[in-house]
Amino acid sequence: MTEDELPKTRRVLRNVVAAAIGLPLVTALAALLYFATIASNDRDTALAEQQHSFEVIVLANRLDASIAKSETTLARYVISLDPDIGRLFQSQWRSASAELDALVFATRRSSWQKDAINGLRDAFVDRGKMLSEIGLRTTYDQKLGALAQFHQAGKAENLKAINARLDAIIRAENARLAERSTAANLAGARSERVSRTYMLIGLVILVGALCAAWAAMSAWADRRNARRLADAEMVRADRLEAAVTARTAELRDANARLKQEAAERAAAEESLRQMQKMEAVGQLTGGIAHDFNNMLAVVSGGLELARRKLHEDPANAQRHIDNAMEGANRASALTRRLLAFARAEPLLPAPTDPDALIRDMSDLIDRTIGDQITVTIDTGASGWAIFVDRHQLENAILNLCVNARDAMDGRGTLTIATAQATLAEHEIGECAGGDYICLTVKDSGCGMDADVLQRVFEPFFTTKPVGQGTGLGLSQIFGFVRQCDGEIRILSTPGEGTQVDLFLPRKHMTAQQAATMAATQDIVETTDLPPTRILVVEDDPRVLSQSMDAIAELGHLPIACPHASEAAAMLERHGDVGLIVSDVLMPGMTGPEMIASLPDAYRAVPVLFVTGYAGDIDNATMFEGHQVLRKPYTLAILARAISDAIKAGPDLPSAPHQTETAQAAE
């Protein structure tokens with residue numbers, strides 16, 4: 001080998017060694033950079049996913065807090081009726097809707113959250129409709145209905161669905177967060193293993209040791225910064241989780257308090273309503289005194305004129321007596337309306353032909369509204385019946401006619417009509433779909449503006465002067481129609497008159513039931529009962545005397561008992577008593593208590609309770625199934641009540657001397 005070839009050989013060897021050392025070094029550096037980049041990307045991805053999970057959890061808890069806050073504001077609005085609080089509720093609910101949109105946007109790429117998000121959105125929309133309906137009821141001063149509906153909303157399925165969906169979203173994100181934390185740890189561990197491996201390779205490759213060491217130091221510095229950032233994120237996540245836990249506990253406590261307050265409000269609601277009614281009744285002295293004095297003037301004046309004309313002109317005396325009876329009946333109706341308002345008197349419904357009822361009322365309506373008003377009656381029920389309290393419906397129609405008379409200043413045209421109507425569900429107010437009788441009272445009076453129309457159903461609201469109206473008419477009609485599962489609609493334009501439509505559900509009847517209704521539409525005094533000995537228990541001497549005369553007028557044999565404690569002895573003295581007619585409220589012992597204390601030998605005697613207090617009928621169990629007659633009553637109603645009580649009672653042993661006594665009396 002020549003001297004020229006030696007350097008060349010050395011250069012080649014040096015190049016080969018350099019290539020042998022440099023190529024693995026470059027390859028190692030390239031591989032190290034590649035895997036370091038992958039590890040960094042995995043780490044960044046894991047951290048981004050963790051941050052996304054934290055964001056979803058925060059949005060879910062913020063939405064939960066906003067819903068609870070808006071519902072608390074709605075509760076304050078229902079109680080206080082403050083419009084500013086109502087607008088605050090609407091603003092808070094819109095904020096909750098915006099937070100729901102943010103939550104939907106944040107989870108748009110999370111397919112595992114799709115079902116939970118859709119269910120949450122549906123439940124939120126349903127909840128919003130329910131709360132908006134409560135707010136609307138409150139806006140239209142239907143406070144009691146709003147309170148009851150808000151109480152039911154606390155138990156609604158949509159609220160449970162919202163809470164369940166939010167819990168599911170948070171649980172899913174927590175599970176996803178755990179998976180992403182594990183992935184981040186694995187990426188860091190993998191990056192660390194790659195670095196150690198190539199640091200060993202760098203030590204083996206002496207030429208690239210410094211470069212490998214520098215690369216390792218750079219990678220270590222990056223990992224240290226990443227770990228520092230991860231630690232900071234974990235600390236922040238721990239703080240956030242603690243804050244979420246504390247807020248969740250606060251919301252749970254607030255929810256429990258709201259439920260407790262709702263229960264307390266429900267318990268106090270009825271007593272509060274009665275207190276408010278009784279307080280308002282004190283404001284009605286002028287109107288009630290005016291109406292009642294007018295009726296008493298008719299009664300007292302008619303009876304005095306009848307006494308003067310009794311011998312001179314019997315026909316004229318009969319007219320005055322009829323006027324007095326009409327005034328007494330109207331006073332009785334007014335008393336019954338007041339008691340019904342104070343005690344929520346129960347209805348006594350029966351199948352009723354609306355066309356026949358209006359025809360029977362035509363004379364009463366004419367006398368009530370005067371001769372200067374033209375009354376037109378158009379009956380179109382065509383045999384359809386309704387199931388209502390006849391007397392309550394008559395009072396409702398008469399009240400509407402009086403309101404129409406006042407609106408027309410005593411001159412104009414009044415139209416009373418009935419018609420068949422088939423309504424879809426919620427076509428008129430909140431009534432269910434089906435067949436209805438539409439009873440219309442229309443006048444040509446002054447009409448009402450929008451402000452008055454919004455308040456016409458408020459108790460004690462009236463546009464009449466002091467002393468000329470009680471403000472109970474339309475509110476009583478509204479309550480009566482709602483109790484009959486019907487609906488009321490008022491159409492009015494200032495200067496063009498008012499039309500009031502009562503939609504009452506149709507009563508489907510068989511041909512036999514229809515015939516029975518037609519036969520019993522008018523009560524008659526005659527019965528097919530033989531003379532019966534009747535024990536009359538009454539503590540008021542005047543009422544006792546009147547009851548004795550009325551029963552004797554019907555052909556029966558009354559026995560007076562002025563004290564409830566004497567009833568058992570008188571039953572023992574008169575063994576042929578076929579019926580006990582007893583007052584309910586008496587000093588020392590009530591009528592039901594007296595019947596319960598009788599010996600077993602007299603427990604089979606039929607009983608007819610007579611009461612002038614509407615609240616007695618609310619507690620039906622105290623009468624033990626016996627017949628109940630309300631005061632005041634006519635001879636026809638008394639005859640029917642006695643007949644029904646005796647026929648409904650158990651079979652009694654015959655009394656041979658009863659017929660003889662009856663014949664002697666005749």
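Is aspartate 141 buried, partly exposed or exposed? With a relative accessibility of 44%, aspartate 141 counts as partly exposed, because buried means under 20% and exposed means over 50%. Please keep in mind as you look around that this is a predicted model.

Let us start with the surroundings of this residue. Aspartate 141 sits in the loop that links α3 (114–139) with α4 (143–153). In sequence, aspartate 141 and arginine 455 are 314 residues apart, yet their C-alpha atoms are 8.5 Å apart in space.

Now for the helices on either side of that loop, together with a second helix pair, α9 (residues 354–369) and α10 (residues 390–407). Here is how each pair packs.

| Helix pair | Angle between axes | Distance between axes |
|---|---|---|
| α3 and α4 | about 160° | 8 Å |
| α9 and α10 | about 40° | 11 Å |

The angle of about 160° between α3 and α4 makes this pair roughly antiparallel, because angles over 145 degrees are counted that way. Their crossing is left-handed. On the α3 side, the contact is made by Arg127, Met130, Glu133, Ile134, Arg137 and Thr138. On the α4 side, Gly145, Ala146, Gln149, Phe150 and Ala153 take part. Sorted by class, the contact of α3 with α4 holds 5 nonpolar, 3 polar and 3 charged residues.

How are α9 and α10 oriented to each other? At an angle of about 40°, α9 and α10 are oblique, and their crossing is right-handed. From α9, the residues in contact are Leu357, Ile358, Asp360, Met361, Leu364, Ile365, Thr368 and Ile369. From α10 come Arg390, Leu393, Glu394, Ile397, Leu398, Cys401, Val402 and Arg405. The contact of α9 with α10 divides into 11 nonpolar, 1 polar and 4 charged residues.

The last stop on this tour is a pair of strands. Strand β6 (residues 487–493) and strand β7 (residues 497–507) run antiparallel and are joined by 7 bridges. For one of the pairings, look at serine 492, whose bridge partner in β7 is threonine 498. Which residue in the turn of the hairpin has a positive phi? That residue is glycine 495, with a phi of about 85°. The hairpin formed by β6 and β7 has 3 residues between the two strands.

Note on methods
Residues numbered from 1 in each chain as written. Predicted model: local features only at pLDDT ≥ 70, side-chain atom pairs only at ≥ 80, totals over all residues. Heavy atoms only, no water. Helix = DSSP H or I, 4+ residues; strand = E, 2+ residues; numbered from the N terminus. Buried < 20%, exposed > 50% of the residue type's maximum accessible area, 1.4 Å probe, protein only. Axes fitted to C-alpha atoms, helices over the stretch in contact; angles between N-to-C directions. Parallel < 35°, antiparallel > 145°, perpendicular 65-115°, else oblique. Left-handed = near helix turned anticlockwise from the far one by under 90°. Contact = heavy atoms within 4.5 Å. Nonpolar A, V, L, I, M, F, W, Y, C, P; charged D, E, K, R; others polar. Pairing = 2+ DSSP bridges.
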